[in-house]
Amino acid sequence: MNGRVDELNLENVNEFCDDSNRKSYKLTKERKDDRVVFRYREEVEDFKQYLPLLQELANPALSSRHWEQIFKILDRPYHQDLEFSIQDLIDFKIMDHMEQVETIGSSASKEYSLFKTLEKMVKEWDGLEFRTVPYKESGTFIIGGTDEIQAVLDDQIVKVQGMSASPYVKPFLEQATDLNNVLNQ
């Protein structure tokens, strides 16, 4: 809870929480009158309320722009080099704004997905070559074997047009527009 948010490893947290939950359940069955065991069980249960928050904050799609939005909701100043912990955010009453944080996280994930698709589309052209073949015996050459290139081109034109219509493309609309222009030339 006191570590930096950007160092949050949700997989480890979930694993630890599941393990602690199993252990606490087992201990309460074995030691029904042990107050320490019940205290441990309560601590585990109390921590579980923060799992949805941790899920949102560990989202790799959250960029500086999204953190700015989150801090604006919390009515706190934000700058890119700011270090903060989960506990800091809880102290800032982030749990009162979970719905808004989830909305920001959802938008960030959709933007991230579109951005990754755009990157993949650009990389898809690596290794594709236009081959030239002699045209009869005229001494000139024509482009041949374009089926693979045409398939990639057609697929990407459809994808980039769909992407351009998405409200989540705004952060990289210029890149999507540039790719669309190149593909349609």
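**Salt bridges, buried faces and a surface patch**

Student: Why is the pairing of Arg22 and Asp19 called a salt bridge?

Tutor: The N to O distance between the side chains of Arg22 and Asp19 is 3.8 Å. A salt bridge requires a side-chain nitrogen of Lys or Arg within 4 Å of a carboxyl oxygen of Asp or Glu. The value lies within that limit, and therefore the term applies. The model is predicted: local features need pLDDT of at least 70, side-chain atom pairs count only at pLDDT 80 or more, and totals for chains, interfaces and linings use all residues. Residues are numbered from 1 along each chain as its sequence is written, and side-chain values use heavy atoms, with hydrogens and water left out.

Student: What makes the confidence sufficient for local features?

Tutor: The protein chain has a mean pLDDT (the predictor's confidence in each residue, from 0 to 100) of 90, and 100% of its residues reach 70 or more. Strand S2 (residues 141–144) has the lowest confidence, at a mean of 85, and helix H4 (residues 64–73) the highest, at 94. Helices (H or I, at least four residues) and strands (E, at least two) are DSSP runs, numbered from the N terminus.

Student: How are Arg22 and Asp19 placed along helix H1, and why is Arg22 called exposed?

Tutor: Arg22 and Asp19 lie three residues apart in helix H1 (residues 10–30), which means a separation of about one helical turn. The classes of relative accessible area are buried (under 20%), exposed (over 50%) and partly exposed (in between), with a 1.4 Å probe and protein chains only. Arg22, at 54%, is therefore exposed, whereas Asp19, at 29%, is partly exposed.

Student: How do you know that Lys159 and Asp155 form a salt bridge?

Tutor: Their side chains meet at 3.4 Å, N to O, so the cut-off is satisfied. Lys159 and Asp155 are four residues apart in helix H7 (residues 147–164), about one helical turn. Lys159, at 34% relative accessible area, is partly exposed, as is Asp155, at 33%. Elsewhere, Arg4, Asp6, Glu7 and Glu83 are joined into one network by salt bridges that share partners. In the bridge between Glu7 and Arg4, the closest N and O atoms are 3.8 Å apart. Glu7 is exposed at 56%, and Arg4 is partly exposed at 30%. The whole structure holds 12 salt bridges.

Student: What places the buried residues of H4 on the same side?

Tutor: The buried residues of H4 are His66, Trp67, Ile70 and Phe71. They cover an arc (from the directions of the helix axis to the C-beta atoms) of only 140°, and therefore share one side of H4. They pack against helix H3 (51–57), helix H5 (86–91) and helix H6 (98–124). Asp75, whose phi is positive, near 60°, follows H4.

Student: Why is Ser24 called buried, and which residues does it touch?

Tutor: Ser24, in helix H1, has a relative accessible area of 0%, so it falls in the buried class. Leaving aside residues up to four places away in sequence, Ser24 is in contact (heavy atoms within 4.5 Å) with Val37, Tyr40, Arg41 and Val44.

Student: What makes Val133, Tyr135 and Ile142 a patch?

Tutor: Patches are made of residues with over 30% relative accessible area and no salt bridge; like charges are joined within 9 Å, nonpolar side chains (Val, Leu, Ile, Met, Phe, Trp, Tyr) within 5 Å. Val133, in strand S1 (residues 131–134), is partly exposed at 34%, so it passes the accessibility cut-off. Val133, Tyr135 and Ile142 form a nonpolar surface patch with about 230 Å² of accessible area together, by the Shrake-Rupley method with a 1.4 Å probe; for residues, only the protein chains shown count as cover.
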